[in-house]
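Q: Could you take me through the sheet in this one, strand pairing included? Once that's done, carry on to the other local details you think belong in the picture.

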Amino acid sequence: MDIKYVSTTCPYCGTGCGFNLVVRDGKVFDVAHWQRAPVNGGKLCPKGRYAHEFVNSPDRLTKPLIKKDGKFVEATWDEAYDLIAEKFRSYKPDEIACLSSARTSNEENYLMQKFARVALKTPHVDHCARLCHSSTVAGLAAVFGSGAMTNSIMDISESKCVFVLGSNTFEQHPLIARSIIRAREGGAKVVVADPRNTPTAKQADLYMPFVSGTDVAILNGLMQEIIKNGWEDKEFIANRTKDFEKLKEVVMKDTYSLENVSKTSGIPAESLRTAAEWIAKADAAALIYSMGITQHTVGVDNVKSTANLMMLTGNLGKPGSGVNPLRGQNNVQGACDMGALPNVYSGYQKVTDEAAQKKMKEMWGVDKIAEGRVGYTVTEMVNLLADRPGKLKCMFIMGENPMLSDPDLHHVEEGLRNLEFLVVQDIFMTETSRLADVVLPAACYAEKDGTQTNTERRVQRWKKAQDPPGEAKPDWQILCELGSRMGYPEQFAFNSPEEVFNEVAAVTPSYHGISYGRLDPDGLHWPCPTEDHPGTPILHREKFAMPDGLGVFSPIEWKPPAEVPDAEYPYVLTTGRTLWQWHTGTMTRRSWSLEKEAPTGWIEINTEDAKKLGIEDKEVVRASTRRGSIDIPARVTPEIIRGVMFVPFHYKECAANLLTHNALDPIAKIPEYKACAVKVEKIAEV
Ligand code: SF4
């Protein structure tokens with residue numbers, strides 16, 4: 001028997017834990033702890049511990065499939081490539097859109113955006129960061145000049161006050177939660193604000209339950225209290241920021257007195273006062289947030305407000321501080337860094353910048369790329385497909401499942417069915433690939449080399465542990481072969497992910513100094529501009545990444561969610577994840593150890609609300625919004641604030657996104673997953 005251990009990086013969340021894949025006779029069969037792993041020191045959450053279980057699932061895709069007369073028929077790679085290249089060539093660039101994937105490597109995301117821009121000449125390339133943290137990228141870039149987590153995961157343990165807002169860190173990023181525990185052991189106060197009394201909230205010194213969608217009011221209220229008491233960091237404000245007076249004009253309004261914020265948010269004024277004092281008086285305070293902040297029609301406003309609070313208290317550019325968005329998918333940071341976005345090339349070089357266009361054309365050796373224009377976001381693509389059929393005609397989707405992940409699923413399905421030609425590249429048949437004309441079988445993380453970049457900007461390696469099943473191929477290889485068949489053999493002449501990465505490093509200033517040789521065993525935090533640069537765990541130490549080096553305060557008024565409760569839909573619906581499942585469940589629902597712990601969804605209803613509705617715990621109820629209805633078991637609990645209901649979004653049999661709506665943040669185009677109006681009814685017995 002041949003046993004080997006291959007160190008790699010977890011394919012689930014943005015924490016980026018390392019582990020060993022245990023390989024027996026050429027097949028992955030277990031995960032073993034890798035004590036040397038830089039982020040997690042050998043510890044894993046259940047998803048990482050069982051990250052081998054889906055790899056050799058019997059229903060992996062193993063051959064290309066072409067739909068004929070409504071049925072998928074197995075095809076050769078040549079048949080699939082020829083059909084795809086012929087079809088792609090038959091559309092105008094503006095009629096084609098590509099979705100890249102936060103589940104795939106940096107190299108593959110880089111190649112997908114290059115394929116879109118060079119081979120298809122289309123500006124329409126995006127990926128699921130649009131749905132989780134596009135407001136972070138836009139919001140933090142506007143105020144700091146860089147749209148990423150400012151400090152490192154380890155650094156959180158140096159904090160003296162950790163404020164967690166809109167993140168259930170202990171369930172969703174458990175190995176980051178360890179840093180919060182370490183901070184508390186070092187004397188830090190932990191403040192958690194969340195509509196649900198989550199495992200994270202239970203660890204707090206101060207828990208503040210609040211009504212979804214009132215974040216800006218809360219943050220403005222905290223800032224007013226800090227300014228009223230003179231607790232702001234006057235030196236930091238004077239030397240490192242601008243527009244403080246503009247901020248004051250808004251946050252000092254009576255609307256944001258603690259008493260009024262208490263009425264808006266449901267948080268007692270005394271709790272808000274305590275939180276303000278703890279955050280302001282701590283030697284170093286860190287703010288942690290996740291999708292509770294970003295997934296709103298005011299997502300960018302929410303993000304800017306978190307930045308306001310931390311600049312006001314001087315909590316940037318030093319250990320134990322910072323604005324720390326926890327990214328969702330394993331490589332959502334990297335997919336953004338690689339330019340799989342409609343407005344930027346890799347390293348956030350703007351597509352509208354003529355110098356950047358010229359540089360990319362020279363680097364890629366082409367006279368023409370999709371240039372000068374920002375393409376459609378994922379959410380705009382779906383809206384166009386459904387509402388203006390014929391504008392977009394063809395899509396290429398790699399490793400994404402919009403038929404479960406996007407808001408208002410009836411609308412998504414209507415849109416995707418309007419496509420003339422759809423190619424989906426994935427590791428399993430998904431709700432989306434079922435609608436495709438061609439399905440391409442891809443290798444999973446355990447079957448290829450590559451890199452991914454975690455939430456703290458640390459670039460780490462994936463290492464191949466086994467061959468892909470059947471005829472499945474790594475995404476990078478499929479993209480290179482397609483690029484070549486589209487007429488760009490030189491531009492896609494890569495023989496390995498390392499060769500792709502070398503091009504990434506050459507064209508991307510923040511990755512210039514990174515190479516495969518430097519990544520073992522600890523990875524490197526970007527920016528890493530030169531080959532002898534040690535990487536940058538803490539951003540903005542001396543100045544912000546703005547032309548004048550100053551952070552920008554943003555005066556922001558609170559606005560309610562796009563859809564608020566009324567007589568017909570009297571409750572607020574919010575959505576999220578569970579510890580045991582991951583996103584659309586493509587991988588975790590094929591992991592028996594995880595699936596048995598949380599085999600289906602539920603709707604969390606406050607005990608008093610349930611009493612009023614006559615609903616019992618575990619009773620299957622009908623939850624409805626203006627978009628649709630699902631039948632789902634009730635979980636009656638005092639651990640969610642009255643008036644708010646929660647549904648996890650992993651489960652196709654009771655899909656939360658049949659209920660959510662696609663009202664978008666005007667800048668980030670992120671949907672408001674975290675607040676819409678819902679009603680819940682007993683299901684009449686027949
Ligand atoms: Fe994987 Fe995230 Fe769990 Fe770490 S915390 S093991 S990266 S899912």
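A: Let's start with a pair of strands: strand E6 (residues 96–99) and strand E14 (residues 394–398) run parallel to each other, joined over four bridges. Within that pairing, Ala 97 sits opposite Met 395 of E14. A word on terms: strands (E, at least two residues) and helices (H or I, at least four) are DSSP runs, numbered from the N terminus, and two strands pair if DSSP finds at least two bridges between them. As background, strands of a sheet pair through backbone hydrogen bonds, either parallel or antiparallel.

Before going further, note that this is a predicted model, where local features need pLDDT of at least 70 and side-chain atom pairs count only at pLDDT 80 or more, while totals for chains, interfaces and linings use all residues. Residues are numbered from 1 along each chain as its sequence is written, and side-chain values use heavy atoms, with hydrogens and water left out.

Back to the sheet. Seven strands make it up, in the order E5-E4-E16-E15-E14-E6-E7, and it is open with mixed pairing. Strand E5 (71–74) and strand E7 (125–126) are the edges; each has a single partner strand, so one side of each has no neighbour in the sheet.

Leading into E7 is a loop from helix H3 (106–119), and Lys 121 is in that loop. Phi of Lys 121 is positive, near 60 degrees, and the residue isn't a glycine. Lys 121 is also buried, at 17% relative accessible area; buried means under 20%, exposed over 50%, and partly exposed in between (1.4 Å probe, protein chains only). Lys 618 makes a nice companion: its phi is positive too, near 75 degrees, but Lys 618 is exposed, with a relative accessible area of 66%. You'll find Lys 618 in the loop between helix H25 (607–613) and strand E23 (620–624). For context, most residues other than glycine have a negative phi, and most peptide bonds are trans.

On that last point, there are cis bonds to look at. One runs from Asp 520 to Pro 521, with omega near -5 degrees, and Pro 521 is in the loop between helix H23 (516–519) and strand E19 (524–525). Another joins Trp 526 and Pro 527, with omega about 0 degrees; Pro 527 lies in the loop between E19 and strand E20 (551–552).

While you're at H23, have a look at Leu 519, which belongs to that helix. Leu 519 is buried, with a relative accessible area of 2%. Setting aside neighbours within four places in sequence, Leu 519 is in contact (heavy atoms within 4.5 Å) with Thr 451, Val 459, Arg 461, Ile 514 and Leu 524. The C-alpha atoms of Leu 519 and Val 298 are separated by 38 Å, with their positions 221 residues apart along the chain.

Helix H15 (residues 299–312) is the last stop. Its 14 residues reach 20 Å from first C-alpha to last, close to the 20 Å expected at 1.5 Å a residue, where the expected span is 1.5 Å times one less than the number of residues. Of those 14 residues, 14 are buried, so H15 is largely enclosed by the rest of the structure. After H15 comes Gly 314, with a positive phi near 70 degrees.
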